[in-house]
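The following exercises are to be worked with the sequence and the model side by side. Each task is followed by a solution in steps.

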Amino acid sequence: MANTDLSVRRSTATRQAAVPAPARFDAATEERLDRLDHEATRHVEDARPAKTRDGYAADWRAWLRFCSEADLPPAAVRSGTLVAFVECCWHQPARTPKPGSPPDKLTAPTAIDRRLSGIVVTARRQLKLQLQPDVAEEARALLKAKTKSLAKTEERRGRGPAPALLVRHMDKIAAALPRTGSAYGTWP
């Protein structure tokens, strides 16, 4: 299969890692620096919105399922495995259908792109993998080509936009709120 429409100039597999080895210090300094690294990672994770943390956790679970099915170790976050992951996600439903219900729409390109981000971030943060900055470049190029083809077929993927919040919904919310104890006084 020729992938001429992927806009990839060269493979990331042929590039050499240009990251110098970190400096080494005495044992006490190394222990202190390790503790600071651990605290910094935890601080950044705590500052990340819960919705992002939950999304990245779901992305990592999807990666683990893919790795299990493909007989790959979870640390195999490389250009080729990410391309294979995109290809796998492209053919999966956005959600697992409930028994007896019709099949769901296929996964949206934006969800697949976010999954790529979640995988790379989690691999760097939790597994401490030293990944190339462009490790997902080829996977995103494939995703971009596939997304372009959607425009030609007018295929719809994902759940689509959330339904609008209407005045009648706001009325129900307001009716459910307590009438007293507001910081701005009581409700009329």
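**Exercise 1. Overall make-up**

What percentage of the 188 residues in the protein chain do buried residues make up? Determine also the secondary-structure elements of this predicted model.

Solution. Step 1: a residue is counted as buried when its relative accessible area is under 20%. Step 2: with this cut-off, 24% of the 188 residues are buried. Step 3: the assignment of elements gives 6 helices and 0 strands. Step 4: read from the N terminus, the order is therefore written α-α-α-α-α-α.

**Exercise 2. Salt bridges and their exposure**

Establish how many salt bridges the model contains, and classify the partners in the pairs R24–E30, E45–R48 and K146–E87.

Solution. Step 1: the criterion is a side-chain nitrogen of Lys or Arg within 4 Å of a carboxyl oxygen of Asp or Glu. Step 2: the count under this criterion is 5 salt bridges.

Step 3: in the pair R24 and E30, the closest N and O atoms are 3.5 Å apart. R24 has 63% relative accessibility and so counts as exposed, whereas E30, at 17%, counts as buried.

Step 4: for E45 and R48, the closest N and O atoms lie 2.7 Å apart. E45 is partly exposed because its relative accessible area is 23%; R48 is buried because its value is 17%.

Step 5: K146 and E87 form a salt bridge with an N to O distance of 3.2 Å. This pair links distant parts of the chain, since K146 belongs to helix α5 (residues 137-153) and E87 to helix α3 (residues 79-90), 59 residues apart. K146 is buried, given its relative accessible area of 15%, and E87 is partly exposed, given its 29%.

**Exercise 3. The largest pocket**

Describe the volume of the largest pocket, and identify which element contributes the largest share of its lining.

Solution. Step 1: the space in the largest pocket comes to about 560 Å³. Step 2: its lining consists of 18 residues, and A94, R95, A111, R114 and R115 are those that lie nearest the centre. Step 3: the elements that give two or more residues to this lining are α2 (50-70) and α4 (109-125). Step 4: of these, α2 provides the largest share, 5 residues. Step 5: sorted by character, the lining holds 6 nonpolar, 5 polar and 7 charged residues.

**Exercise 4. T52 and G118**

Is T52 buried, partly exposed or exposed, and what distance separates its C-alpha atom from that of G118?

Solution. Step 1: T52 is located in helix α2. Step 2: its relative accessibility is 28%, so T52 counts as partly exposed. Step 3: the C-alpha atoms of T52 and G118 are separated by 8.8 Å, although these residues are 66 residues apart along the chain.

**Exercise 5. A nonpolar surface patch**

Which residues form a nonpolar patch on the surface, and where is M170 placed?

Solution. Step 1: the patch is formed by L165, M170, I173 and L177. Step 2: together, these four residues have about 380 Å² of accessible area. Step 3: M170 sits in helix α6 (residues 167-176). Step 4: patch members must have over 30% relative accessible area. Step 5: M170 has 42% relative accessibility and therefore counts as partly exposed.

Notes
Residues numbered from 1 in each chain as written. Predicted model: local features only at pLDDT ≥ 70, side-chain atom pairs only at ≥ 80, totals over all residues. Heavy atoms only, no water. Patch = residues over 30% accessible without salt bridge, like charges linked within 9 Å, V, L, I, M, F, W, Y side chains within 5 Å. Areas by Shrake-Rupley, 256 points an atom, 1.4 Å probe, with all protein chains shown as cover. Helix = DSSP H or I, 4+ residues; strand = E, 2+ residues; numbered from the N terminus. Buried < 20%, exposed > 50% of the residue type's maximum accessible area, 1.4 Å probe, protein only. 1 Å grid on protein atoms, 1.4 Å probe; cavity = no way out; pocket = protein on both sides within 12 Å on 5 of 7 lines; lining within 4 Å. Points joined across faces, edges and corners; volume = space filled by probe spheres on them. Nonpolar A, V, L, I, M, F, W, Y, C, P; charged D, E, K, R; others polar.
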